[in-house]
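Me: Before we go through this predicted model, I would like each descriptive term to be justified by a value and a cut-off. Could you take my questions one at a time?

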Amino acid sequence: MVSSSSLTSGTLASSPSFFSKSNRSLPSLNPIAPLLSLPAIRSSALAVTTRSQGRRCLVRRMNVSGGDGSGTAPSDMIFEPILEGGVFRFDCSVEHRKAAFPSVSFKNSKHREVPIPTHIVPAFTPTFSLFQEQQVVTFVFSPGTSFYGTGEVGGQLERTGKRVFTWNTDAWGYGPGTTSLYQSHPWVLAVLPTGETLGVLADTTRKCEIDLRKEGVIRIISPPSYPIITFGPFSTPTTVLQSLSHAVGTIFMPPKWALGYHQCRWSYMSDKRVAEIAKTFRDKKIPSDVIWMDIDYMDGFRCFTFDKERFPDPSALAKHLHNNGFKAIWMLDPGIKQEEGFDVYDSGSTNDVWVKRADGKPFIGEVWPGPCVFPDYTNSKARSWWANLVKDFISNGVDGIWNDMNEPAVFKVVTKTMPENNIHRGDNELGGVQNHSHYHNVYGMLMARSTYEGMELADKNKRPFVLTRAGFIGSQRYAATWTGDNLSTWEHLHMSISMVLQLGLSGQPLSGPDIGGFAGNATPRLFGRWMGVGAMFPFCRGHSEAGTDNHEPWSFGEECEEVCRAALRRRYQLLPHFYTLFYIAHTTGAPVAAPIFFADPKDPRLRTVENAFLLGSLLIHTSTLSNQGSHELQPVLPRGTWLRFDFEDSHPDLPTLYLQGGSIIALGPPHLHVEESSLSDDLTLLVSLDENGKAVGLLFEDDGDGYGYREGGYLITHYIAERQSSIITVKIFKTEGEWQRPKRRIHIQLLLGGGAMLDAWGMDGETIQIQMPPESEVSALISTSNERFTLHMENTKLIPEKEMLHGQKGMELSREPVELNSGDWKLNIVPWIGGRILSMTHVPSGVQWLHSRIEMSGYEEYSGTEYRSAGCTEEYNVIERDLEQAGEEESLILEGDVGGGLVLRRKIAIPKDNPRLVQITSSIEARSVGAGSGGFSRLVCLRVHPTFCLMHPTESFVSFTSIDGTKHEVWPDSGEQLYQGNNLPHGEWMLVDKSLNLGLVNRFDVSQVFKCSIHWDCGTVNLELWSEDRPVSKESPLKIEHEYEVTSFP
């Protein structure tokens, strides 16, 4: 570790300053209190240079008090108003302001630097302190404040109690406690008890801790110097997001086909298989617009190439898909195979576009093709080089591009990414020449930008469509995103709703999960339920991992296929509404999908609802519980009028739909793909009157692609409905744009309640009147409709589940794990595959120390010295299950047959008298060993093999004192280490995370443990306990008793 008291300055000249102190200061927390476990992030001093008028010169440095680790007392930050009314920039001092790097999140970084004249002062002023080379910023709000945002995060919707770290990470199979995912959004949306809302942006690209563990407190920790930008408080959260968009930009306007259904798999292995998938969609009349090509279309995983045998003519494939109403999207990763003679590698080397090591040589990392080099997207020369490759690639009939692995992910290294001391030769406006720790979080965003610009070069009359896995706040200007490599579980189905909403609350409205789950095999019910809600997400794509069962909508039986067809028909009927919402998002920054508290921010009942969301005035309510349909749950609805409706397709596995009183939304026919639609199609207006008998709505229409809408080539129609006496009049009260109104019929559906409605037809543009029946007749219609709905749902069964075959890859992912939840711990155990502990979360810290795929890793135990020997995959029986309230401890006893008359028995317990601990007692016992062997078994060894997640690999190590008194610190670069004899840990060892200031202590009985092993892998570490290797009898089992506890460090 190198301690430094100097800060690297950016190259932008500072603006005229009129910093002032707010006279509205708030009480602050002591930032160095042990309770808050302030991290000490390892940093390195680096000779950083930047370009200046064609020369290389040292970046200006400056000394800042507190940078030596001594710390400074908390003080109010100084502020100046920027951008527009209600937006403020906060800095620690004038010197800190000058030291801050240019903004990468702002669409125009100069807007962050230029103050505006105003007499308004901030309503909330944060405090700061400098401690251990970190800038600690604290906001304190009233109790009852709710926190949202923080970008792509798992777990709960309302974020109080959570902590995240912005460090883009390849996070396969993440869980609700994973602290760093694929994208970084150092942004918090704070909804005050009054409903007023404030947005807080930490405008830094560096690794950043966002700590929301204390009610009403936001604490942000990152290396100095970085500014804090606040937006508001404004009266509504929508207003805050609109203000944020004035800084970081809005979503690109997607082509309309991109709002259809996308079908993907890793991988469709040939053009023939792709054509077969396309044909099946059309034959089965399941709506779909896009088929995706994963990495296997390439020649040896070389980007910008095609496998000559399996995809010999991509242009012909694209033409075939286009003729059948499909678009084709192809993957491009950043890793370029290091291979002389490969034209992309040779061209990049000639143009000197690769990321460099600290010694100036190109960095080489292992990814899918093997050894790879990586374009330096921070540099305009490299971005232009990549954009021109994309431009040529598009000529193969490519309609969209998928940027994956761009955190950037690197194989066979503990950090799962490139070294932090790699060098990027960034443009001055991005921050100049810096190490990778500065640009890591924006690498994926800048790759997406370069890809987007390449598609623009290819055809200026088509809107680019780019999907990126990694991103940063502001990425929505260039790309859509998805929520990464999720699991086929009910937990991930539930979590996908909150994840999509959080991304929308962080400025990225075009997102969705892999419907059905990426890893593992969904059951029919799980897939159908997920398709039901997924069809209502802004981005709608099914995707699945190699080696799993087929996950197309028809792959799960007729019942599931019918539900999927109905779900997607719903989406396609709602496409006029979706497209309108995206136009609003593109022009104003409003979210497309929003939590239901957006309908009434003052109502605390709505702030934690996770199974419902809004699409404008449309409310989607679903069940994420396996054994309950949506109709069996009592919805929590905002106050006011919310009228249920359907498309005569109600099903327990489909969400229930409600339209807010006072709203009109437009519907279209359920075409099989977007290009089937025509301006002359019948238009349906769904009308829900408010308590005053009024409703309004708007519809945006244009060509669905291109940029004519920027020049007036569009039509916006504002519809209004009003009731006077018993007559409801529906008409146009305003239009915008230069398009002529299409000649088409219009169908008015007036919702009455309970699914009942009145119908009327006319021509669009005409005034249409509906005669309202007498009140008694309306009541009868509503009553009859409710009765029919209830009877229909009672007689319609949930999609059946199915039993998976034993030994099948990813088997029974959608079974419910056994949960131990007591004291400080929450554990999920899967008895049916090795009795493994799937996840292990320390509740007080929110840290998920262990989280794994269901069929391997996690906490495993073996009965032999060989890796994954008997015991790790067998089905275990639950012998005893004690709940805390029923006894002295929460515990689970499992037994698995490991052959030869032996069982592996395991007791997992959270003791009531010390709930800080997880205790595990495991043994190999002889039950029916043959007499011919003298009652002794084969040679066995009890091998405890937990795989712990490294949240911060470069800040993690294993610490212990050996039996002979030697102190050890074992870091990831030490490789695999074995300890036995006097080198054995003396009864305990600890996995330390210095960023979290936490240690996971593993204590064990030294008399039972013969050997300990440490094995570092890609983002994980194994801390193994081995018994001696010997036969066992009924009288002499092998046993290891050990326990885990989380403690503060140091």
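Me: What makes the meeting of α11 and α12 a contact, and which residues take part?

Reply: Contact requires heavy atoms within 4.5 Å, and on that basis R571, Y572 and Q573 in α11 meet L575, P576 and F578 in α12. The residues of this contact divide into four nonpolar, one polar and one charged.

Me: Why is α11 called oblique to α12?

Reply: The axes of α11 (residues 558-573) and α12 (residues 575-588) come within 4 Å and cross at roughly 55°. Angles under 35 degrees count as roughly parallel and those of 65 to 115 as roughly perpendicular, with oblique kept for the rest, and the crossing therefore makes α11 oblique to α12.

Me: Why, then, are α3 and α4 described as roughly parallel?

Reply: For helix α3 (residues 271-283) and helix α4 (residues 314-323), the axes cross at roughly 5° and come within 11 Å. Since angles under 35 degrees count as roughly parallel, the two helices are therefore given that description. In their contact, D271, V274, A275 and A278 of α3 meet L317, H320 and L321 of α4, a set that divides into five nonpolar residues, one polar and one charged.

Me: How do you know that α10 is largely enclosed by the rest of the structure?

Reply: A residue is buried when its relative accessible area is under 20%, and eleven of the eleven residues of α10 (residues 524-534) are buried, so the helix is largely enclosed. Among these buried residues are R525, R529 and W530, and what covers the buried residues of α10 includes α9 (490-505), β32 (540-542), α11 and β34.

Me: Why is E407 called buried?

Reply: E407 lies in the loop between β24 (400-403) and β25 (423-425). Because buried means under 20% relative accessible area, the value of 1% for E407 places this residue in that class. Leaving aside neighbours within four places in sequence, E407 is in contact with residues including N168, D170, Y182, H440 and R469.

Me: What makes the approach of E407 to R469 a polar contact?

Reply: The side chains of E407 and R469 are joined at 2.7 Å, and a polar contact is a pair of N or O atoms within 3.5 Å, one able to donate a hydrogen and the other to accept it.

Me: How do you know that β34 and β35 pair, and in which sense do they run?

Reply: Pairing asks for at least two bridges, and four bridges join β34 (residues 612-615) to β35, the two running antiparallel. Within this pairing, the bridge partner of L614 is L619. The strands form a hairpin with two residues between them, and G616 in the turn has a positive phi of about 65°.

Me: Which other strand pairs with β35, and how do its side chains point?

Reply: β35 also pairs with β37 (residues 656-660), in the antiparallel sense over four bridges, and there the bridge partner of L619 is Y658. In a regular strand the side chains alternate between the two faces of the sheet. In β35, L618 and I620 point one way while L619 and H621 point the other way, and all are buried.

Me: What makes β21 and β22 edge strands?

Reply: They belong to an open sheet of three strands with the order β21-β23-β22 and antiparallel pairing, in which β21 (336-337) and β22 (365-367) each pair on one side only. β21 is joined by two bridges to β23 (residues 370-373), and K337 stands opposite C372 in β23.

How values were computed:
Residues are numbered from 1 along each chain as its sequence is written. This is a predicted model: local features need pLDDT of at least 70, side-chain atom pairs count only at pLDDT 80 or more; totals for chains, interfaces and linings use all residues. Side-chain values use heavy atoms; hydrogens and water are left out. Buried means under 20% relative accessible area, exposed over 50%, partly exposed in between (1.4 Å probe, protein chains only). Axes are lines fitted to C-alpha atoms, for helices over the stretch in contact, and angles run from 0 to 180 degrees between N-to-C directions. Angles under 35 degrees count as roughly parallel, over 145 as roughly antiparallel, 65 to 115 as roughly perpendicular and the rest as oblique. Ala, Val, Leu, Ile, Met, Phe, Trp, Tyr, Cys and Pro count as nonpolar, Asp, Glu, Lys and Arg as charged, and the others, Gly among them, as polar.
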